[in-house]
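Visitor: Could you take me through the disulfides of this protein chain, one pair at a time, and then show me the strands and sheets around them?

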Amino acid sequence: MSFLKSIHRAAVLAGSLALLAVPVAAQDAAEFSLELNNAAETTAGGCRLTYVATNKTGQELAQTAYEVAVFNADGVVSRILVLEFGALTIGKTKVVQFDLSDQPCTGLSRIVVNDVAACTLADGSGEGDFCLSGLVTASRSTIQFGI
C-alpha cells in the first residue's frame, strides 16, 4: 500500500511542478516581433521602408517606438531616427511605412535597433522592458535589420 501512495505522491508532485512551469514558459514567450518587410524606391528617389510589428507580449501597449541607426552602403551611420508604431493590442499586427526622402534604398546596407524610444503599457502601470528583451527582428529585404 505504501508503494501505491509513493507513486500517487510522485504523480501529484510532478503535476504540481508542471503547473508551476506553465506561467514561466508563458512569460518567456513574451515577444515583440519587428520585421523589415520591404524597402522600395519612391518616385522622388527616396526609400520607403515597410515594417510589420506584432505584439505577442501579452500586454496591451499604448505607445511603441524604436530608435534605429541607418547605415549607408559603406557601413557608416547616416542617420538615427525613431520609428513610431503607436498603440498595439495583444496579438495585434500593424504595418507601418516610413519614407527616407533623400536616401535611395540602394544606398542602405543595414538598420540596427539602437534603443526603445517608447514602450508604454496601456493600463498606465509604466514602461515594459520586454520591448527590447523580447524583441525579435527579421528582414525580407536585402537591407540587414536587427538588434
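Guide: What follows begins with the basis of the model, turns to the disulfides, and then moves outward to the sheets.

This is a predicted model, in which local features need pLDDT of at least 70 and side-chain atom pairs count only at pLDDT 80 or more, whereas totals for chains, interfaces and linings use all residues. Residues are numbered from 1 along each chain as its sequence is written, and side-chain values use heavy atoms, with hydrogens and water left out.

A disulfide is, in general terms, a covalent bond between the sulfur atoms of two cysteines; here the term is applied to a pair of cysteine sulfur atoms within 2.5 Å, and by that rule the count comes to two. When the bonded cysteines of the protein chain are numbered in sequence order, the pairing reads 1-2, 3-4.

One of these disulfides joins C47 and C105, whose sulfur atoms lie 2.0 Å apart. The torsion about the S-S bond of C47 and C105 is about 95 degrees, and the disulfide is therefore right-handed. C47 belongs to strand 2 (residues 47-56), while C105 sits in the loop between strand 5 (93-100) and strand 6 (108-121), so this pair ties together parts that are 58 residues apart in sequence. Helices (H or I, at least four residues) and strands (E, at least two) are DSSP runs, numbered from the N terminus. Both cysteines are buried (under 20% relative accessible area, with exposed meaning over 50% and partly exposed in between, for a 1.4 Å probe and protein chains only): the relative accessible area is 0% for C47 and 10% for C105.

The other disulfide is formed by C119 and C131, with their sulfur atoms 1.9 Å apart. Its S-S torsion is about 65 degrees, so the disulfide of C119 and C131 is right-handed. This pair links distant parts of the chain, with C119 in strand 6 and C131 in helix 2 (residues 130-133), twelve residues apart. C119 is buried at a relative accessible area of 1%, and C131 likewise counts as buried, at 0%.

Just before C47 in the picture comes T42, which lies in the loop between strand 1 (31-41) and strand 2. The side chain of T42 reaches the backbone nitrogen of G46 at 2.9 Å, a polar contact in the sense of a pair of N or O atoms within 3.5 Å, where within protein one must be able to donate a hydrogen and the other to accept it, and residues adjacent in sequence count only if both atoms are side-chain atoms. If residues up to four places away in sequence are not counted, T42 touches C47, R48 and D99, where contact means heavy atoms within 4.5 Å.

Strand 2, which holds C47, is part of an open sheet of four strands in the order 5-2-1-7, with mixed pairing. Strand 5 and strand 7 (135-139) stand at the edges of this sheet, each with a single partner strand, so one side of each is left without a neighbour there. Two strands pair if DSSP finds at least two bridges between them, and eight bridges join strand 2 to strand 5, which run antiparallel; within strand 5, K94 stands opposite A53.

Strand 6, which carries C119, belongs to an open sheet of four strands ordered 4-3-6-8, again with mixed pairing. At its edges are strand 4 (77-84) and strand 8 (144-146), each having a single partner strand, so one side of each lacks a neighbour in the sheet. Strand 6 is joined to strand 8 by three bridges, and the two run parallel, with I111 having F145 in strand 8 as its bridge partner. Elsewhere in this sheet, seven bridges join strand 3 (residues 61-72) to strand 4 in antiparallel fashion, and A65 stands opposite E84 in strand 4. The hairpin of strand 3 and strand 4 has four residues between the strands, and in it G75 takes a positive phi near 85 degrees.

For the chain as a whole, there are two helices and eight strands, running α-β-β-β-β-β-β-α-β-β from the N terminus on. Of its 147 residues, 35% count as buried, and residues 24 or more positions apart account for 65% of the contacts with a separation of 6 or more.
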